[in-house]
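The following exercises concern the structure shown below. Each task is followed by a solution in steps.

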Amino acid sequence: MSKTVPVISGDAMFWAYDVALGVLFIEAARVGAETPADLRPSWWPELEQDLRTHALVGSSFAVLLDDFSVEQRHVLLKCVVEAAHRIEARGGVSRDEVSTWPDLEESATSYLRGAEHINAAPLVELAEALVDLAAGTLPPAPAERHWYYGTPKGRIVQGG
């Protein structure tokens with residue numbers, strides 16, 4: 001079973017660890033959902049569903065940032081950054097916390113691939129990479145390789 005999700009913007013891409021991306025996207029969906037309804041854009045329910053779907057299907061399909069409008073991408077990234085800050089403030093995400101998420105149809109142990117705790121630092125780094133990728137400022141990976149974000153060890157180089 002693959003653990004990687006391609007995250008693509010234009011001609012640039014990186015790989016993300018599916019667990020980290022899922023945790024970040026579920027928290028980002030919560031961030032947006034907590035915004036007062038009168039301040040949310042009319043298309044928010046579709047974006048929220050996209051975030052939750054990506055979180056649940058993991059490596060089954062790519063995150064294509066170009067599929068979002070400029071405004072949607074802005075809101076998505078704003079929610080992702082806030083999600084990363086919240087997770088960082090909590091010191092990460094525990095299996096006990098994940099077990100309370102109504103989105104999951106599987107056990108927290110399965111979802112987290114057996115991990116007891118997901119550290120915040122790789123999630124913050126992943127959020128920053130999403131912002132940089134969308135802005136076109138993500139530093140290139142070494143020749144014929146790709147960045148891989150969100151792993152328990154943080155960013156690593158993959159391929160080659």
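Two strands are said to pair if DSSP finds at least two bridges between them. Helices (H or I, at least four residues) and strands (E, at least two) are DSSP runs, numbered from the N terminus. The model is a predicted one: local features need pLDDT of at least 70, side-chain atom pairs count only at pLDDT 80 or more, and totals for chains, interfaces and linings use all residues. Residues are numbered from 1 along each chain as its sequence is written, and side-chain values use heavy atoms, with hydrogens and water left out.

**Exercise 1. Determine the strand order of the sheet and identify its edges.**

Step 1. The open sheet consists of 5 strands in the order E3-E1-E2-E6-E7, with mixed pairing.

Step 2. The edges are strand E3 (63–64) and strand E7 (156–158); each has a single partner strand, so one side of each is left without a neighbour in the sheet.

Step 3. Strand E6 (residues 146–149) pairs with E7 in the antiparallel sense, over 3 bridges. Tryptophan 147 has valine 157 in E7 as its bridge partner.

Step 4. E2 and E6, by contrast, run parallel and are joined by 2 bridges. Here tryptophan 15 stands opposite tyrosine 148 in E6.

Step 5. The hairpin of E6 and E7 has 6 residues between the strands, and glycine 150 takes a positive phi near 90° in this hairpin.

**Exercise 2. Describe how alanine 62 is placed in the fold.**

Step 1. Locate the residue: alanine 62 belongs to the loop between H2 and E3.

Step 2. Classify its accessibility. Buried means under 20% relative accessible area, exposed over 50%, and partly exposed in between (1.4 Å probe, protein chains only). Alanine 62 is partly exposed because its relative accessibility is 22%.

Step 3. List its contacts, where contact means heavy atoms within 4.5 Å. Leaving aside residues up to four places away in sequence, alanine 62 touches Val5, Pro6, Ile8 and His54.

Step 4. Compare sequence and space: alanine 62 and valine 7 are 55 residues apart in sequence, yet their C-alpha atoms are 5.9 Å apart.

**Exercise 3. Contrast glutamate 48 with leucine 56, both in helix H2.**

Step 1. Helix H2 covers residues 44–57 and contains leucine 56; glutamate 48 is found in H2 as well.

Step 2. Glutamate 48 counts as buried because its relative accessibility is 18%. Apart from residues up to four places away in sequence, glutamate 48 touches Ala29 and Ala33.

Step 3. Leucine 56, with a relative accessible area of 36%, is partly exposed.

Step 4. Leu56, Val57 and Phe61 form a nonpolar patch on the surface, with about 210 Å² of accessible area together. Patches are made of residues with over 30% relative accessible area and no salt bridge, like charges being joined within 9 Å and nonpolar side chains (Val, Leu, Ile, Met, Phe, Trp, Tyr) within 5 Å. The areas come from the Shrake-Rupley method with a 1.4 Å probe, and for residues only the protein chains shown count as cover.

**Exercise 4. Trace the salt bridges made by arginine 30 and arginine 86.**

Step 1. A salt bridge is a side-chain nitrogen of Lys or Arg within 4 Å of a carboxyl oxygen of Asp or Glu. The whole structure contains 9 salt bridges.

Step 2. Arginine 30 and glutamate 97 meet through their side chains in a salt bridge (4.0 Å, N to O). This pair links distant parts of the chain, since arginine 30 is in helix H1 and glutamate 97 in helix H4 (residues 95–98), 67 residues apart.

Step 3. The side chains of glutamate 34 and arginine 86 form a salt bridge (2.8 Å, N to O). This pair also links distant parts of the chain: glutamate 34 is in helix H1 and arginine 86 in helix H3 (residues 70–90), 52 residues apart. Glutamate 34 is exposed at 52% relative accessible area, and arginine 86 is partly exposed at 24%.

Step 4. Arginine 86 also forms a salt bridge with glutamate 82 (3.4 Å, N to O). Because arginine 86 and glutamate 82 are 4 residues apart in helix H3, about one helical turn separates them.

Step 5. Finally, salt bridges that share partners join Glu27, Arg30, Arg90 and Glu97 into one network.
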